[in-house]
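Colleague: I am new to this structure and should be grateful for a close look at a single part. Could you take me through the pairing of strands within one chain?

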Amino acid sequence: MSERVDVRKTYKLYIGGAFPRSESGRTYEVARSDGTFLANAAKASRKDARNAVLAARKGTKAWSSATAYNRGQVLYRIAEVMEGRRPQFVADVQDADGCSPMQAETEVDAAIDRWVWYAGWADKLAQVLGSANPVAGPYFNFSIPEATGVVAAVAPPDASLLGLVSVVAPILVSGNSIVVVPSTTKPLPAITLAECLATSDVPAGVVNILTGDAAEMMPWLAEHADVNAIDLTGVTDDALATELERSAAGTIKRVRRPEAGADWYADPGLSRIRSFVETKTVWHPMGV
Amino acid sequence: MTFEYAPAPESRSIVDIADSYGLFIDGAFVDTIDGAQFKTVNPATEEVLSSITEAGAEDVDRAVRAARRAYEDVWGPMSGRERSKYIYRIARLIQERSRELAVLETLDNGKPIRESRDVDLPLVAAHFFYYAGWADKLEHAGFGPSPRPLGVAAQVIPWNFPLLMLAWKVAPALAGGNTVVLKPAETTPLTALAFADICRQADLPPGVVNILTGAGATGRALVEHPDVDKVAFTGSTEVGRQIMKGVAGTTKRLTLELGGKAANIVFDDAPIDQAIEGIVNGIFFNQGHVCCAGSRLLLQESIADEAIASLQRRLGTLRLGDPMDKNTDVGAINSAAQLERIAELADSGDAEGAMRWTAPCQLPDRGYWFPPTVFTGVTQAHRIAREEIFGPVLSVLTFRTPDEAVEKANNTPYGLSAGIWTEKGSRILWMAARMRAGVVWANTFNRFDPTSPFGGYKESGFGREGGIQGLGPYLNTDTMDYDNAIRIGFGVSEVAR
């Protein structure tokens with residue numbers, strides 16, 4: 001009896017809750033760390049990026065108006081679904097990073113735990129970042145954090161899973177949607193993550209994943225008038241980062257600058273969440 | 001019937017304006033190295049008030065170096081408790097000299113003395129008083145256990161609230177342990193120069209606050225100086241864009257408070273008399289030279305005619321004229337250039353088919369004046385509904401349903417403020433949640449307080465001024481920079497101060 005031939009996966013993009021190929025029809029070869037062929041990944045184009053922004057705008061409407069409790073549960077659900085597919089993530093990370101099984105397990109566990117950590121923040125942010133303000137007059141005055149809107153992000157080139165989750169989760173927790181370019185050379189854990197997102201009650205369009213070349217797509221996203229913020233964490237080319245920040249000035253986008261050599265295992269703190277929230281202050285007179 | 005008012009002018013004898021001013025660098029007024037001189041005028045009379053120095057690039061460098069030295073040697077290492085007392089001193093000095101400062105502000109800016117006396121100056125003092133108390137409590141502000149200063153802050157402010165904008169910038173910067181180089185607007189430098197004298201009276205260490213007068217070129221040289229750690233700008237969105245491009249690729253922190261085109265939304269159940277007062281205050285306060293002005297009035301269709309009639313009746317009672325007169329409601333436009341811009345945009349309203357109504361009032365012969373103006377029949381495509389006019393010009397649009405009001409209110413690249421008028425509490429909160437704006441005034445408008453964060457969504461900028469949120473932009477909370485803090489002389493115990 002002949003050995004069974006395995007069924008291999010076609011790796012596609014993740015846009016608006018669906019898994020389309022790149023409209024450009026392009027793919028690129030992804031190799032293991034030892035150079036052997038692993039898969040072909042979709043190479044997203046400028047048009048794909050624009051479609052993703054369209055989906056993300058719809059996504060943030062539903063997501064930011066969901067209750068904080070609901071968002072927290074959905075983010076926690078992502079951790080639950082990932083836990084169920086832990087062996088696949090370990091295999092993906094091992095293939096991508098060429099690390100030992102134990103190192104891969106450590107990264108996957110940290111990534112799952114990171115979702116749990118951020119899930120808990122969803123219904124606490126307003127209390128920690130918001131305030132009741134004692135103005136000098138007969139007014140009730142309070143400030144609350146709100147989502148910035150659509151964020152375009154570049155995940156770090158290393159830590160193909162943990163780095164990606166560490167960029168995506170803090171953007172989502174306040175109600176933003178995201179268009180993210182994962183590690184170009186190690187994109188497959190991102191697509192496995194997309195399969196978890198698609199089955200975790202994350203509304204369509206809230207997360208959009210574009211595999212390919214950040215240097216090709218980001219200039220369009222940094223200029224795009226319907227993108228509210230850009231996260232350049234994973235941009236390693238200084239000249240590109242500067243150019244993107246300059247483009248972002250066109251519509252006064254919020255910019256988080258590159259962060260080379262970040263320790264993804266460290267306590268993330270609130271810094272990333274703060275980068276992508278707005279403070280809204282509401283006044284009302286008091287009287288009878 | 002109409003009432004005649006006897007003139008009630010405030011005396012200007014309380015101010016002593018010098019013929020010319022140098023630059024305030026390292027604790028003293030000095031002559032420019034490579035700059036020039038320009039005149040500042042009273043916009044209500046076109047009288048020249050003084051000759052002001054336009055700082056050159058070398059002056060900027062000298063001021064930044066003074067600020068750096070003061071940061072490293074004195075202000076950065078000083079305990080929060082001691083810093084706090086200096087800032088309290090400043091608050092008290094402003095209270096003591098508030099009459100003088102109010103008169104100076106009105107002479108240089110053109111705003112009614114009633115506003116500079118009753119709004120600007122009390123808020124200026126309150127702002128310093130509020131942030132003074134933060135200086136020794138930073139570790140309790142929620143930015144981590146050991147927030148540190150950023151270093152030298154370059155601050156560029158506009159002409160509409162000259163001293164108040166200075167307070168919004170300088171107070172949180174000093175509380176956080178930063179030193180400051182501030183450039184006031186070219187048309188309103190006098191109160192910033194008076195503030196330099198207050199720093200002297202407070203015995204503030206030299207170099208902690210430096211004041212560089214000048215125009216756009218001075219501002220550009222300042223924000224692009226390589227030894228600046230933090231840039232804060234309030235002004236037009238266009239200049240904000242240029243500054244953002246200028247700091248791209250550096251490690252400078254940036255906050256921007258830019259333009260606005262706020263919707264002031266009035267529902268049919270609103271308390272109409274209160275709403276009319278709010279509309280008037282929303283757009284004609286400070287001659288409409290307010291970035292958060294309620295410049296787009298959205299009236300529910302069923303009450304539109306009645307509200308417009310009431311509004312016009314009320315505007316007929318506004319008194320326009322001598323800003324130094326205590327009865328004056330509407331003062332002078334700040335400059336000839338601004339007057340031209342307002343007139344050009346108002347003309348576009350005529351050209352595009354909106355209907356202009358002008359308040360019946362006599363304009364003085366000299367100075368820069370524009371009468372309160374209301375455009376009805378405005379569509380969302382009109383320039384007067386899209387562009388910031390920054391003058392006493394109100395554009396009126398209508399809506400039928402709450403959803404339509406939300407859609408129209410948010411249909412702008414700006415997002416600084418919004419107003420909501422209705423008696424229904426649930427509708428206020430429903431509307432407030434949907435406004436893409438940083439400040440929402442419900443059944444009130446144009447209220448400000450040092451404890452209340454102010455700042456925009458979208459192209460109105462980012463970062464907040466005021467409140468606990470206003471401290472963040474002046475603090476370094478990144479663990480990555482910890483080593484740098486040690487290197488420039490902060491001991492470990494001091495880092496936690």
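Modeller: What follows concerns the strands of chain A.

The model is predicted: local features require a pLDDT of at least 70 and side-chain atom pairs a pLDDT of 80 or more, while totals for chains, interfaces and linings use all residues. Residues are numbered from 1 along each chain as its sequence is written, and chains are lettered from A and ligands numbered from 1 in the order in which they are written.

A strand here is a DSSP run of E with at least two residues, numbered from the N terminus; two strands pair if DSSP finds at least two bridges between them. By these terms, β1 (residues 27-31) and β2 (residues 37-42) of chain A are antiparallel partners, joined over five bridges. Within this pairing, Ala31(A) faces Phe37(A) of β2(A). The two strands make a hairpin with five residues between them, and in its turn Gly35(A) has a positive phi of about 95 degrees.

Further along the chain is an open sheet of five strands, paired in parallel in the order β7-β6-β5-β8-β9 (chain A). At its edges are β7 (207-209) and β9 (254-256) of chain A, each of which pairs on one side only. On average, neighbouring strands of this sheet are turned by 15 degrees against each other, direction ignored; the axes are lines fitted to C-alpha atoms, and angles run from 0 to 180 degrees between N-to-C directions.

Inside this order, β5 (residues 150-154) and β6 (residues 177-181) of chain A run parallel and share five bridges. One of the residues in this pairing is Ala152(A), whose bridge partner in β6(A) is Val179(A).

How values were computed:
Helix = DSSP H or I, 4+ residues; strand = E, 2+ residues; numbered from the N terminus.
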